[in-house]
Amino acid sequence: MYGELVPVGGGDTIPLLKPTLTVGRRESCDIVLRFANVSGQHCQLSLENGYWFVQDLHSQNGTKVNGHRIVRKRLDPGDMLAMAKHKYTIKYSPAELGASGPPPSDEEELENVLSKSLLERAGLQRKPESSTRRYNVLDDAAGQLKRREYE
């Protein structure tokens, strides 16, 4: 067993039996949640370098970690995972699952960092000068379209 999901408020725990699990309402999912507000394939749990990650599978009612809606996020032991309004605490030991060193970063954080230039990340980039805007304007006198520039 790779850990478990413990329902917040009580109920049967859900064992995490494989390193990759789909969660949803469909019977074909590894973890079946029979609730109307859970999507057919709601999210995927995957074990990577000793840590669990969750990825939303374009669910209708969303996936949250510790109250924040996510696309993909690392789940640390004790984090609260919510699928629609159904909440679970994840329990596992990264060390027992082969983790060593600091936890891997979240994909979302990495994407946010890589989408900015080095100067912007360092806070050294100046704001761009206001650009001139161009509009097509109908000239009433000539009845023709003319391009005009405005600041």
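Biologist: In this predicted model, what is the order of the strands in the open sheet of 6 strands?

Modeller: The model is predicted, and its open sheet is built from 6 strands with antiparallel pairing. Read across the sheet, the strand order is β2-β1-β11-β10-β7-β8.

Biologist: Which strands stand at the edges of that sheet?

Modeller: An edge strand has a single partner strand, so one side of it is left without a neighbour in the sheet. That description applies to residues 14–15 and to residues 68–69, which are β2 and β8.

Biologist: Which residue of β10 is the bridge partner of Lys 64?

Modeller: Lys 64 belongs to strand β7, which spans residues 63–65. Strand β7 runs antiparallel to β10 (residues 80–83), and 3 bridges join the two. Within β10, the residue bridged to Lys 64 is Ala 82.

Biologist: Is Lys 64 buried, partly exposed or exposed, and which residues form the positive surface patch with it?

Modeller: Lys 64 has a relative accessible area of 36%, so it counts as partly exposed; a residue must have over 30% to be taken into a patch. Besides Lys 64, the members of this positive surface patch are Arg 69, Lys 85 and Lys 87.

Biologist: Turning to strand β6, how many of its residues are buried?

Modeller: Strand β6 covers residues 51–56 and is mostly covered. It is joined to β5 (residues 43–48) by 6 bridges and to β9 (residues 72–75) by 4 bridges, running antiparallel to β5 and also antiparallel to β9. Of the 6 residues in β6, the number buried is 5.

Biologist: Which residues are the bridge partners of Trp 52 in β6, and in β9?

Modeller: Trp 52 lies in β6 and is bridged there to Leu 47, while β5 and β6 are joined as antiparallel strands. Toward β9, which is also joined to β6 in antiparallel fashion, Trp 52 has a further bridge partner. The two partners are therefore, by the pairings of strands with at least two bridges, Leu 47 and Leu 75.

Biologist: Which residue in the hairpin of β5 and β6 takes a positive phi, and where else is phi positive in a residue other than glycine?

Modeller: Most residues other than glycine have a negative phi. In the hairpin, which has 2 residues between its strands, Asn 49 takes a positive phi near 55°. His 58, in the loop between β6 and β7, has a phi near 60° and is exposed, with a relative accessible area of 80%. In the loop between β7 and β8, where a partly exposed residue has 38% relative accessibility, a phi near 55° is found at Asn 66.

Biologist: How many residues apart in sequence are the parts tied together by the salt bridge of Glu 48 and Arg 72?

Modeller: The side chains of Glu 48 and Arg 72 meet at 2.8 Å, N to O. Glu 48 lies in strand β5 and Arg 72 in strand β9, so the pair ties together parts that are 24 residues apart in sequence.

Biologist: Which residue of that pair is buried?

Modeller: A residue is buried under 20% relative accessible area. Glu 48, at 27%, counts as partly exposed. With 13% relative accessibility, the buried one is Arg 72.

Biologist: What separates the closest N and O atoms in the salt bridge of Arg 34 with Glu 27?

Modeller: The structure holds 4 salt bridges, and this one joins residues that are exposed, Arg 34 with a relative accessible area of 61% and Glu 27 with 56%. In another, Arg 74 is buried at 13%, Asp 76 is partly exposed at 23%, and their side chains meet at 2.8 Å. For Arg 34 and Glu 27, the distance is 3.2 Å.

Biologist: How far apart in space, C-alpha to C-alpha, are Lys 73 and Asp 106?

Modeller: Lys 73 is found in strand β9 and is partly exposed, with a relative accessible area of 23%. Along the sequence, Lys 73 and Asp 106 are 33 residues apart. In space, their C-alpha atoms are separated by 5.6 Å.

Technical notes. Residues are numbered from 1 along each chain as its sequence is written. This is a predicted model: local features need pLDDT of at least 70, side-chain atom pairs count only at pLDDT 80 or more; totals for chains, interfaces and linings use all residues. Side-chain values use heavy atoms; hydrogens and water are left out. Buried means under 20% relative accessible area, exposed over 50%, partly exposed in between (1.4 Å probe, protein chains only). Patches are made of residues with over 30% relative accessible area and no salt bridge: like charges are joined within 9 Å, nonpolar side chains (Val, Leu, Ile, Met, Phe, Trp, Tyr) within 5 Å. Accessible areas come from the Shrake-Rupley method with a 1.4 Å probe; for residues, only the protein chains shown count as cover. Lys and Arg count as positive and Asp and Glu as negative; His and the chain ends are not counted. The place of a charge is taken as NZ of Lys, CZ of Arg, CG of Asp or CD of Glu.
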